[in-house]
Amino acid sequence: MPPELAILWKPLVAAVLGGLVCGVVGVWVVLMNIPFVGVAMSHAAFAGAVSGLLLGVNPLLAAATFCLAASFLIGPMAERADIEPNVSLGIIFSVVLGFAFLAIGLMRGPRADALSLIWGSILLVSTRDLALMSGAAAAVLLFLGLFYKEIQAVLYNREIARAVGIPERALFFAMLVLCGLSVTANLSTIGGLLIFSLIVNPPSAAYQLTYRLRTMYLLSALFGVLSCLAGLFVSWLTDAPAGAVIIVTSSVVFGLCLVFSPKRHTGKGLGTGG
């Protein structure tokens, strides 16, 4: 195997897995109109990982714990009729951000490990990171395959889904948990502050080009993978931070899709024909 390929195969696999899983869960976040879920989850994972470093606990385990806790808080708070979902998400975001910077402030000695979680380091991804990302991607795709029609109903209208007997509450919570798991799995590669953009930009770009949910899943995953691969390639050429270039690339993709969107002329939303 050529030396360059031996160095790059792990980042390339991480780029494909990260773009794929963020593209899929991003469709749920965008269509349920709760973009702050990505913000709250990414910062919860960041706060958990930093707290893990402070307490001597595995950072990824601590990040997953914080994400799961945030998932179980977001669901009930989002269902409160007197609180807007994005308001509850903003409250959780404030709490976990406070925890993160408090933990950084209490650290003694160098804080390089903690700060690296902000930007991520896809070029330094390990075999363990790839295993975790593969597990997260498999869980998301299996869940989507088993409950595709039920998820489609929940995304269209939760009240109608409940009325026809679909366990929409359990599905909604499961989607939040899987979103948290996906964020945790990609924390060390994309970074706690940047992964929010990778969850929102690809599905938002896909939404500009299609009226069908199945096509939106495919386009969103494709845009996520392309953004990661193109960002990784540009970073390798220019020696720029990979995570930041990936996010800029996904933003450019969204801008192009917005400019050439057929919905600019029709004003129609997403259909439910699958």
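**Entry 1: Ser51**

I began with Ser51, which I found in helix α2, the helix that runs over residues 36-55. I kept in mind from the start that this is a predicted model. Is Ser51 buried or exposed? With a relative accessible area of 12%, Ser51 is buried, because buried means under 20%. I then looked up what Ser51 touches, leaving out residues up to four places away in sequence, and noted Phe66 and Ala103.

**Entry 2: the chain as a whole**

I next stepped back to the whole chain, where I counted 14 helices and 0 strands. Read along the sequence, the pattern is therefore written with α alone, as α-α-α-α-α-α-α-α-α-α-α-α-α-α. Of the 274 residues in the chain, 48% are buried. I also looked at contacts with a separation of 6 or more, and I noted that 78% of these are between residues 24 or more positions apart.

**Entry 3: the UniProt record**

I turned to the record, where an unreviewed UniProt entry places the feature "transmembrane region" at residues 12-34, 46-75, 87-109, 130-148, 171-196, 217-236 and 242-260. I checked two of these spans against the model. Residues 12-34 are 87% helix and 0% strand, and the end C-alpha atoms of this span lie 30 Å apart. Over residues 130-148 the chain is 95% helix and 0% strand, with 26 Å between the end C-alpha atoms.

**Entry 4: helix α7 and its partners**

I wanted to see how helices meet, and I reminded myself that two packed helices are described by the angle between their axes and the distance between the axes. Helix α7, residues 148-156, packs with helix α9, residues 168-185, at an angle of about 95°, and their axes are 10 Å apart. I wrote down that α7 and α9 are therefore roughly perpendicular to each other, since angles of 65 to 115 degrees count as such. On the α7 side the contact is made by Glu150, Ile151 and Val154, and on the α9 side by Glu168, Leu171 and Met175. Sorted by class, this contact of α7 with α9 has 4 nonpolar, no polar and 2 charged residues.

I then followed α7 to α12, and here the axes come within 12 Å and cross at roughly 95°. That crossing makes α7 roughly perpendicular to α12. Which residues meet between α7 and α12? Tyr148, Ile151, Gln152 and Leu155 in α7 meet Leu213, Arg214 and Tyr217 in α12. The residues of this contact of α7 with α12 divide into 5 nonpolar, 1 polar and 1 charged. I noticed that Ile151 is named in the contact with α9 and is named again in the contact with α12.

Still in helix α7, I looked up Lys149. Lys149 counts as exposed, at 68% relative accessibility. Lys149 and Ile166 are 17 residues apart in sequence, and their C-alpha atoms are 9.9 Å apart in space.

**Entry 5: Asn201**

Asn201 lies in helix α11, which covers residues 195-207. At 13% relative accessibility, I entered Asn201 as buried. What does the side chain of Asn201 make a polar contact with? The partner is the side chain of Ser251, at 3.1 Å. Leaving aside its neighbours within four places in sequence, Asn201 is in contact with Ile247, Ser250, Ser251 and Phe254.

**Entry 6: Asp239**

I went on to Asp239, which is found in the loop between α12 (213-238) and α13 (242-259). Most residues other than glycine have a negative phi. Asp239, although it is not a glycine, has a positive phi of about 65°. I also noted that Asp239 is exposed, with a relative accessible area of 72%.

**Entry 7: Val248 and Leu124**

Val248 has its place in helix α13, and at 52% relative accessibility Val248 counts as exposed, because the cut-off is over 50%. The C-alpha atoms of Val248 and Gly231 are separated by 7.9 Å, and these residues are 17 apart along the chain.

My last look was at Leu124, in the loop between α5 (112-119) and α6 (127-146). Leu124 is exposed, with a relative accessible area of 68%. How many residues apart in sequence are Leu124 and Thr189? They are 65 residues apart, and in space I read 7.9 Å from C-alpha to C-alpha.

Key: Residues numbered from 1 in each chain as written. Predicted model: local features only at pLDDT ≥ 70, side-chain atom pairs only at ≥ 80, totals over all residues. Heavy atoms only, no water. Axes fitted to C-alpha atoms, helices over the stretch in contact; angles between N-to-C directions. Helix = DSSP H or I, 4+ residues; strand = E, 2+ residues; numbered from the N terminus. Parallel < 35°, antiparallel > 145°, perpendicular 65-115°, else oblique. Contact = heavy atoms within 4.5 Å. Nonpolar A, V, L, I, M, F, W, Y, C, P; charged D, E, K, R; others polar. UniProt positions renumbered as here; feature names shortened; annotations may be inferred. Buried < 20%, exposed > 50% of the residue type's maximum accessible area, 1.4 Å probe, protein only. Polar contact = N/O pair within 3.5 Å; in protein donor to acceptor, adjacent residues only side chain to side chain.
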